[in-house]
Amino acid sequence: MKLLTTCIALVTLIAVGSWSLQAQPVSIQITKRYLNLPVAQAQNRGTMTFRLQDKPERSFKIRLAADKPDYWVFCDMKALQGKSITISYDGNVAGLSKIYQADNIAGQDSIYSEKNRPQYHFSTRRGWINDPNGMIFYEGEYHLFYQHNPYEREWENMSWGHAVSKDMIHWEELPTALSPDSMGTMFSGSTIIDYDNTADFNRGNVPAMVAFFTVDSPEKQVQCMAYSLDKGRTWTKYAKNPLIDSKAKWNSKDTRDPRVFWYKPSQHWVMVLNERDGHSIYTSKNLKEWTYQSHLTGFWECPDLFELPIDGDKNRTKWVIYGASATYMTGAFDGKTFTPESGKHYYTTGSIYAAQTFANMPESDPRRIQIGWGRIAQPGMPFNNMMLLPTELQLRNTKNGLRLTSTPVAESKQLFDRIGQWSSLSSTEANEKLKSVPSLDRFRLKTTLKLSHATSAGLSLSGQRILDYDMNSNLVNGVFYSPEDMTSMEITADIYVDRTSIEVFIDGGAYSYSLERKPVSTSKEGLQFWGNRIDVKNLELYTAKSIWK
């Protein structure tokens, strides 16, 4: 560890106890890729500012550890190599002497192998994550942007983190895409590719990737944009931001999360924006000037709006609109107004929130693929929360009308190797087979149960009921569910267990839910079917690979 002792020596303190009343800024020359910063959760937050040529380069809140750090976070300094910056901090400056430069992140050797690190779900190397943002496919890469606090495991400093993937399964985390500025912090939004150069940002034959996002300040939330000409690696914020400032119109600060897409029949851009009590529709020809068109009440945050074929028939389609809670309506959309025809409905519950679907999917692969934020903590880790598995959304005719279904994408199959399959087992026989799972650290299990009584039955993991089907009340883990065959005594579940999470897909994705996996107890129960004389018609066990190896 190479401490910045020569630079930190410049700090002059006038202190009472351990608290600084004044601190002279620290000047350093950036010679390494990363600045590693110590964090202690018990420490009060202070504001750290980097200045470059006497202009603010970044500013963020951090619990800088004055004593022993709980963990380390980092600043990626690649863009500032060879340049000199000054660092100021208005909190307890005792931790400044612990900051050091290196070409590796502190704790690099253990990243992705930590005790509570999800092994086949995306999580960030360090810090907090929440809403997925700007999900888009472009030139062979899936881009996942996300709400991110790079400097702590709790919410703050909202930025756009960034990761890319070739298959939506294995992810490479890139430097932060959008950081807070003088206007405020970077809240949720979306991205598009401006192939026709409607905003005049393109360079030659290179179309701009354009991001739309909410900037949050104590006063209000406004809609802004930025563009990239290098596949999302670097960004230029639009000089005339904001695009939309609608606080006065709605008498509310709650105006956020722009979802933008091209509406081909009318040859214009559409923005779906959550404003106070629902989703508003705006339109534009050039991405810069937006016209309000309509409003649909009853939704909160993170809108999405898209067209889906019915039962895979491209000649029969309906539009789907939803908000952050994943409740949705189906209906018609004419480019300016969404007309509800059915809803609200739900297709998934549990830890999922603020899910978004990929934009710009190729014509050869028109799937509507969604990733949701998994509100699942990773206790004691230098990172927090995760993304759920990518799933394909489909619109199907059911006994209750049109309904969304959700199933893990085909690309996820590469993660799992089947180690056993059995049929027509009693619960006792099935429980013996479950003992063959080599590790409960992570795995997949598929099963079809047939109940003998209209009572509860299901599957538990170390005492936690991960599948609980109460046929009498039509409840699956406490949520109402009525199977397509109303009198069926059977239920099928596809269960994905990772270190801290569980995702369950019922009856081919007709309903799904996700939940936090309880810490492994001292119970020797392991995996176990339970219920009144149930038959296990099918049981399949799979090991699960890590996406990080």
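Begin by selecting Tyr 112, Phe 122, Tyr 146, Trp 171 and Trp 548, which together form one aromatic cluster in this predicted model.

Within the cluster, restrict the display to Phe 122 and Trp 548. A search of the whole structure finds 35 aromatic pairs, and Phe 122 with Trp 548 is one of them: the pair is tilted, with 6.5 Å from centre to centre and 55° between the planes. Its members come from distant parts of the chain, 426 residues apart. Phe 122 belongs to the loop between strand E10 (100-102) and strand E11 (127-138), whereas Trp 548 lies in the segment after E44. Both Phe 122 and Trp 548 are buried.

Next, select Tyr 481 and Tyr 511. These rings form a stacked aromatic pair, 6.0 Å centre to centre, with 25° between the planes; the pair counts as stacked because its planes are under 30 degrees apart. Here too distant parts of the chain are linked: Tyr 481 is in the loop between strand E39 (479-480) and strand E40 (490-497), while Tyr 511 is in strand E42, 30 residues away. Tyr 481 and Tyr 511 are both buried.

From Tyr 511, extend the selection to the whole of strand E42 (residues 511-516), which runs parallel to E27 and is joined to E27 by three bridges. Along this pairing, Thr 349 is found opposite Tyr 513 in E42.

Now bring the full sheet into view. It is an open sheet of seven strands with mixed pairing, in the order E27-E42-E41-E40-E35-E44-E34. Which strands stand at the edges? They are E27 (348-350) and E34 (416-426); each has a single partner strand, so one side of each is left without a neighbour in the sheet. From one strand to the next, the twist averages 15°.

At the E34 edge, add helix H3 (residues 427-434). Helix H3 lies across E34, strand E35 (443-450) and strand E44 (535-544), and runs at about 160° to E34.

Two charged side chains placed over aromatic rings complete the tour. Select Arg 465 and Trp 530: the charged end of Arg 465 sits over the ring of Trp 530, 3.6 Å from the ring centre. Then move to Lys 344 and Phe 299, where Lys 344 lies over the face of the Phe 299 ring at 4.6 Å from the ring centre.

Notes
Residues are numbered from 1 along each chain as its sequence is written. This is a predicted model: local features need pLDDT of at least 70, side-chain atom pairs count only at pLDDT 80 or more; totals for chains, interfaces and linings use all residues. Side-chain values use heavy atoms; hydrogens and water are left out. Two strands pair if DSSP finds at least two bridges between them. Helices (H or I, at least four residues) and strands (E, at least two) are DSSP runs, numbered from the N terminus. Axes are lines fitted to C-alpha atoms, for helices over the stretch in contact, and angles run from 0 to 180 degrees between N-to-C directions. Contact means heavy atoms within 4.5 Å. Rings of Phe, Tyr and Trp (its six-membered ring) pair if their centres lie within 6.5 Å; planes under 30 degrees apart count as stacked, over 60 as edge-to-face and the rest as tilted. Buried means under 20% relative accessible area, exposed over 50%, partly exposed in between (1.4 Å probe, protein chains only). A charge sits over a ring if NZ of Lys or CZ of Arg is within 6 Å of the ring centre and within 35 degrees of the ring normal.
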